[in-house]
Amino acid sequence: MTQGFADVHDPVMLDRIVELLRPALSRPGAIFVDATLGLAGHSIAILKACPEARLIGIDRDPDAHRVAEQRLGPLMERARLVHAVYDELPDVLDDLGIASVEAVLLDLGLSSLQIDRTERGFAYRVDAPLDMRMNPTGGPTAADVLNTYPVRELANLLKWYGEERFADRIARAIVSAREIAPFENSARLVEVISAAIPAAARHTGGHPAKRTFQALRIEVNRELAALEGVLPAALDALSMGGRIAVLSYHSLEDRPVKRALTRAASDRAPRDLPVVPDDLKASFRLLTRGAERPDEQEIATNPRAASARLRAAERIKEAA
């Protein structure tokens, strides 16, 4: 996809995210952190809607940086792109000499760059090397996981990160298959998964390999560990009136987001205390009621938005 952008997919819930973050980005020099830069779709819209704002775009994928820089074009004058994982946010801000920011966005889904470039191995519908690294320059691949993890560890991985009900059967099938030959490409893995699942279950709940591929991707990229790290860091980084918006795409992502934002928007005083002291009052207020979802029109034009859940909050009290 680096050769052209005609097939770039629309950013999820774009108008709503701009609406939520724009009030925090009206003053000159306001800093917006797109901690999951991807193809910069959200960032482009934010910079156009907020002409006084500056962007710090973070992404671990060097391909994303190359594409995002081209797509930002003249907007790069107000942008700084950083190669890092989003839970490294405190180090990124320290290195740039920035004490606080006005807005943070986390879009936790795979970018269309990663999905559509088949050689990256994220898609289960095409045969490709079993890589799945968001940063392809280092670290274990999905093939490494499949070829080295013990059967119990593989089964637990599929249960926890894939919520796969046939995890034990699939793990045993993978270990048996790798004794014949190590896994290298996705097509063979899909065949092994499909054969391990009961015939009646292969035609329900989506593609039979979907949950296994999700689990492998999360493991390879430490996605949930990184999410648990970035949420408190992002909240701490926000200035007074600063806002955070988070897009998640499955319950494993949404649960820690909900937990972190709800905790930040809750008083810390005992429930039976008649008056809450200022130092125990909530530091944030929720900007969304529960998790907002894309409307039917957006889902019809951008099917990848179907599972999206959006939560947002605003700092209403200075950090202690």
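The legends below describe an overview and three close-up views of a predicted model.

**View 1. Overall fold of the predicted protein.** The secondary structure of the protein comprises 13 helices and 7 strands, and the C-alpha trace spans about 65 × 55 × 40 Å along its principal axes. The radius of gyration is 21 Å, which agrees with the value near 20 Å that a compact globule of 320 residues would have. Of these 320 residues, 52% count as buried, and among contacts between residues at least 6 apart in sequence, 69% join residues at least 24 apart.

**View 2. Positions annotated as a binding site.** The unreviewed UniProt entry places the feature "binding site" at A40, G41, H42, D59, Y86, D107 and Q114. Two of these positions, Y86 and D107, are taken up in the views that follow.

**View 3. Surroundings of Y86.** Y86 sits in the loop that runs between β3 (79-83) and α4 (89-96), and with a relative accessible area of 10% this residue counts as buried, because the cut-off for that class is under 20%. When residues up to four places away in sequence are not counted, Y86 touches A35, T36, I58, R60, L106, L108, E223, A226, L227 and V230.

**View 4. Surroundings of D107.** D107 belongs to strand β4, which covers residues 101-107, and at 16% relative accessibility D107 is likewise buried. Apart from neighbours within four places in sequence, D107 is in contact with T36, H42, L247 and Y249; of these, H42 is itself among the positions that UniProt lists under "binding site", while T36 also appears among the contacts of Y86.

Technical notes
Residues are numbered from 1 along each chain as its sequence is written. This is a predicted model: local features need pLDDT of at least 70, side-chain atom pairs count only at pLDDT 80 or more; totals for chains, interfaces and linings use all residues. Side-chain values use heavy atoms; hydrogens and water are left out. UniProt positions are given in the numbering used here, feature names are shortened, and annotations may be inferred rather than shown by experiment. Helices (H or I, at least four residues) and strands (E, at least two) are DSSP runs, numbered from the N terminus. Buried means under 20% relative accessible area, exposed over 50%, partly exposed in between (1.4 Å probe, protein chains only). Contact means heavy atoms within 4.5 Å. The radius of gyration is taken over C-alpha atoms; the globule rule is 2.2 Å times the number of residues to the power 0.38.
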